[in-house]
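Let's take a walk through a protein model together, piece by piece. Keep the picture open while you read.

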Amino acid sequence: MTPCEAPTRVGRICGHCAVASIASIVLAASLMAGCWMGARETTRSVMYVYFDHDRSRAVFERLEVACAALGVQRRHRVALEFIGVDVTDRVALSKAIARGLERRPAAIVAPSSPVLLEAFRQTETVPIVFVTHEDPVELKVAASLVHRPLNLAGISYHMGVEMKMLELLREAAPQARRIGYLIDRDVVNNARAREFMETTASQYGLLWKVVPVGTVDSLGADILAAGPVDAWFVTKVVALAEHRDRFIALLGSTLRPAIYPSRQDVQAGGPMAYEAAFDDPVGALARQLDRVLSGVAPSDIPIERPKRFALSINVEVARASGMRLSPELLSRADHVR
């Protein structure tokens with residue numbers, strides 16, 4: 001070997017090593033990119049469809065936290081996706097769900113009856129985890145709480161508390177005969193509500209005035225259309241949940257006794273409320289979603305329901321509206337303001 005040959009061979013060897021190193025780096029980068037792309041491709045969305053405002057986003061964020069605590073996102077490779085839409089606008093709601101279904105989501109979270117009904121109309125295969133204050137049977141999405149479509153799971157606040165609400169209203173406003181019944185316009189023909197009003201009308205001599213509620217903007221006109229009433233019976237209407245302060249202020253301006261469906265309504269200025277309550281509804285929803293994504297058939301998962309009841313009274317507001325609060329009634333209240 002001549003003195004000049006060694007550097008040449010060394011140079012060739014180094015050149016080969018450099019090429020091999022670059023090839024290894026490229027191969028490793030490709031593998032990493034492939035793994036990353038694979039992870040991206042296997043990550044599916046869970047659609048959460050509801051009003052686009054701070055309050056609903058806050059609930060969505062709580063659901064994200066609850067799911068993270070259970071390891072839902074990590075174990076099932078899903079990402080929760082907030083889809084904001086006016087759920088009282090049927091056309092907008094239908095389009096929003098249709099667009100979401102085009103992306104083949106892992107599941108849909110329906111936090112209200114309108115979302116449940118529209119999602120149920122559009123898909124029989126994508127799991128729907130719902131929250132409803134109505135009876136799923138009366139919504140015609142299930143034959144019973146046990147026998148229901150394969151893709152439905154969720155939680156229901158429905159516990160048939162109407163009779164107890166009326167009992168409390170009559171106790172606090174014994175002279176009330178004409179009672180305004182506020183109910184969502186979408187479920188105004190609810191068979192159970194009609195039966196309740198017909199039964200109590202004959203039993204107690206009541207005159208029920210049904211007030212179909214659309215948006216909070218139309219509430220003032222809805223109240224006027226009802227004519228004279230002695231008291232208000234408020235069900236879990238969407239407008240109340242979404243615009244609680246304004247809704248209660250409008251109804252409160254009539255200075256009539258009223259009973260509402262949740263403690264939050266009393267905290268916002270309503271006179272009285274009676275409810276079937278969950279200790280942790282967001283946690284219950286996260287547990288349902290986790291089981292669905294684990295592969296359990298939604299229809300095999302028991303619908304979770306409240307395990308306790310609560311009476312709340314805002315003493316000052318109740319008395320200002322003419323309600324009589326006996327010591328015995330106050331002693332039965334779980335929450336007094």
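What follows goes from the whole chain to its sheets, its helices and a few single residues.

This is a predicted model, where local features need pLDDT of at least 70 and side-chain atom pairs count only at pLDDT 80 or more, while totals for chains, interfaces and linings use all residues. Residues are numbered from 1 along each chain as its sequence is written, and side-chain values use heavy atoms, with hydrogens and water left out.

**The whole chain**

The protein chain has 14 helices and 12 strands. Those labels are DSSP runs numbered from the N terminus: helices are H or I with at least four residues, and strands are E with at least two. Of its 337 residues, 46% count as buried. Here buried means under 20% relative accessible area, exposed means over 50%, and partly exposed is in between (1.4 Å probe, protein chains only). Now for contacts, meaning heavy atoms within 4.5 Å. Among the chain's contacts with a separation of 6 or more, 69% are between residues 24 or more positions apart.

**A parallel sheet of four strands**

Strands of a sheet pair through backbone hydrogen bonds, either parallel or antiparallel. In this model, two strands pair if DSSP finds at least two bridges between them. One open sheet has four strands in the order E7-E6-E8-E9, with parallel pairing. E7 and E9 (258–259) each have a single partner strand, so they stand at the edges with one side left without a neighbour in the sheet. Look at E6 and E7: they pair in the parallel sense over seven bridges. One spot to find there is Ile179, whose bridge partner in E7 is Trp208.

Helices sit against this sheet too. H8 packs on it, touching E6, E7 and E8, and its direction makes about 160 degrees with that of E7. H6 lies across E6, E7, E8 and E9, running at about 160 degrees to E8. For these angles, axes are lines fitted to C-alpha atoms (for helices over the stretch in contact), and angles run from 0 to 180 degrees between N-to-C directions.

**A mixed sheet of three strands**

Another open sheet follows the order E10-E11-E12, and its pairing is mixed. Its edge strands, E10 (272–277) and E12 (335–336), each pair on one side only. E11 and E12 pair in the parallel sense over two bridges. H6 turns up again here: it lies across E10 and E11, at about 160 degrees to E10.

Now zoom in on Ser312, which lies in E11 and stands opposite His335 in E12. Is Ser312 buried or exposed? Ser312 counts as buried, because its relative accessibility is 1%. Not counting residues up to four places away in sequence, Ser312 touches Arg263, Val266, Pro271, Met272, Ala273 and His335. Ser312 and Tyr274 are 38 residues apart in sequence, and their C-alpha atoms are 6.4 Å apart in space.

Asn314 is in the loop between E11 (308–313) and H13 (315–320). Leaving aside neighbours within four places in sequence, Asn314 is in contact with Val266, Gly269, Gly270, Pro271 and Arg337.

**Helices side by side**

Two packed helices are described by the angle between their axes and the distance between the axes. H6 (162–172) and H7 (191–204) pack at an angle of about 40 degrees, with axes 11 Å apart. From H6, Glu162, Met163, Leu166 and Arg170 meet Arg192, Phe196, Thr200, Gln203 and Tyr204 from H7.

Which residues of H10 (244–252) are buried? They are Arg244, Phe247, Ile248 and Leu251. These residues cover an arc of only 90 degrees around the axis, so they are on the same side of H10. (The arc is that of the directions from the helix axis to the C-beta atoms.) Their cover includes E6 (178–184), E7 (207–213), H8 (219–226), E8 (231–234), H9 (238–242) and H11 (263–267).

**Loop residues to compare**

Most residues other than glycine have a negative phi, and most peptide bonds are trans. Lys140 has a positive phi, near 65 degrees, and Leu255 has a positive phi, near 55 degrees. Here is where some loop residues sit in terms of exposure.

| Residue | Relative accessibility | State |
|---|---|---|
| Lys140 | 73% | exposed |
| Leu255 | 56% | exposed |
| Asn314 | 9% | buried |

Lys140 is in the loop between E4 (128–132) and E5 (152–156), and Leu255 is in the loop between H10 and E9.
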